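Work through the following exercises with the sequence and the coordinates at hand. Each task is followed by its solution in steps.

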Amino acid sequence: MNPETLKQEAYTDIEACNNLQELEAVRVKYVGRKSELTLALRGLKDLPLEERRNAAPKLQQARKEIEGMLASKEKELASSKAEAKVDLTRPGTRHAFGHLHPLTLMEKEVVDIFTSMNFSVIDGPEVETEHYNFDVLNIPANHPAREMWDTFWLKGGNDSRSRKLLRTHTSPMQVRYMETHTPPLQIIVPGRVFRYEATDASHEINFYQVEGLMVGRDVSLANFKYVIEEFLKKMFGPKTEFRFRPSYFPFTEPSVEVDVRLVGGKGEQSESLRAIAESRKSEWLEVMGAGMVNPKVFEAAGYNPEEWQGFAFGVGLERLAMLKYKIPDIRLFYSDDLRIINQF
Ligand code: PHE
């Protein structure tokens, strides 16, 4: 018997085993009491000294190696057997699912309400030209109103069509859209905007707006009031109190701002909303600017202002979300504090 060939054969047989019974049969065959190897080891004592010295270590080594192979195969088969056993009564592994950010949820709600009133949803660029962000909206260079929208300028550009900035509002999309579409139209434009300003509980250097624009032959301020009332009531419930306040924007005439009541009044009272009211020293929170589109804006877009009229508005998404979800500080939306985010 050649120990080397024996090892080879044992190896092939062991590897071919699919279960512990088969492995046991192989074990008996190679290292069992009646196996060739065991008999050879037992017969050593009858051999002449010289031959015994030569054969003994080889046989012992072969036995050791085969036993080692058997042991590791046994381990392998035992562990795959454990894996194959499915215990349906064991508790499952909980998978963490992601979820939408409160601002994304808010945008979805705003979009749902306006699409239900037949508005289309339009997208626009975050990097704008001075031309669309200011000029066409009746805010010429050096106009004091530009201070309301101090922003981040990009390098380069030698006139207002090539000078670029991070848009300060979504209003540039009014003209961009009208330039390429014919009225009547009704659109909303959700998107991110940027302001160069100090942050506090209700101001951030970047935030989200939803622009609205409705143009027709006789779209009036009364239509605006109806649409916004519908919107606010669908968003905050029928008991919500809000007010229209005269205001000024260069691109609307007349202009209004819309405030929603934080505290006092008939609505449900909340700690967080009281905190916002205190920090702003007002019972109301301004959520949108709006008005009738200024004829100069129609002219810039190539519309005849004698023929067309309409309203525009810009609503702040964070402000809506603060009211709806009772979040006292706008900066929390952009903090990565999971205790806030995971509530949604
Ligand atoms: N763009 C204005 C702002 O950001 C809001 C606004 C939009 C006002 C449309 C009037 C009409 O403050």
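**Exercise 1: strand 9 and its partners**

Strand 9 (residues 309-316) is mostly covered, with seven of its eight residues buried; buried means under 20% relative accessible area (1.4 Å probe, protein chains only). Strands are DSSP runs of E, at least two residues long, numbered from the N terminus. The model is predicted: local features need pLDDT of at least 70, side-chain atom pairs count only at pLDDT 80 or more, and totals for chains, interfaces and linings use all residues. Residues are numbered from 1 along each chain as its sequence is written, and side-chain values use heavy atoms, without hydrogens and water.

Task: find which strands pair with strand 9 in the antiparallel sense.

Step 1. Two strands pair if DSSP finds at least two bridges between them.
Step 2. Strand 5 (residues 206-216) meets this with eight antiparallel bridges to strand 9; Glu211 has Gly314 as its bridge partner there.
Step 3. Strand 8 (residues 284-293) is antiparallel to strand 9 over five bridges, and Gly291 stands opposite Ala312.

**Exercise 2: the ligand**

Task: state which residues come nearest to the ligand, and which strand gives the largest share of its shell.

Step 1. Of the 15 residues around the ligand, the nearest are His169, Ser171, Arg195, Gln209 and Gly314; a residue counts if one of its heavy atoms lies within 4 Å.
Step 2. A polar side-chain atom of Ser171 is 2.8 Å from a ligand nitrogen atom, and one of Arg195 is 2.9 Å from a ligand oxygen atom.
Step 3. Strand 9 gives the largest share of the shell, three residues.

Conventions: Buried means under 20% relative accessible area, exposed over 50%, partly exposed in between (1.4 Å probe, protein chains only). Helices (H or I, at least four residues) and strands (E, at least two) are DSSP runs, numbered from the N terminus. A polar contact is a pair of N or O atoms within 3.5 Å; within protein, one must be able to donate a hydrogen and the other to accept it, and residues adjacent in sequence count only if both atoms are side-chain atoms.
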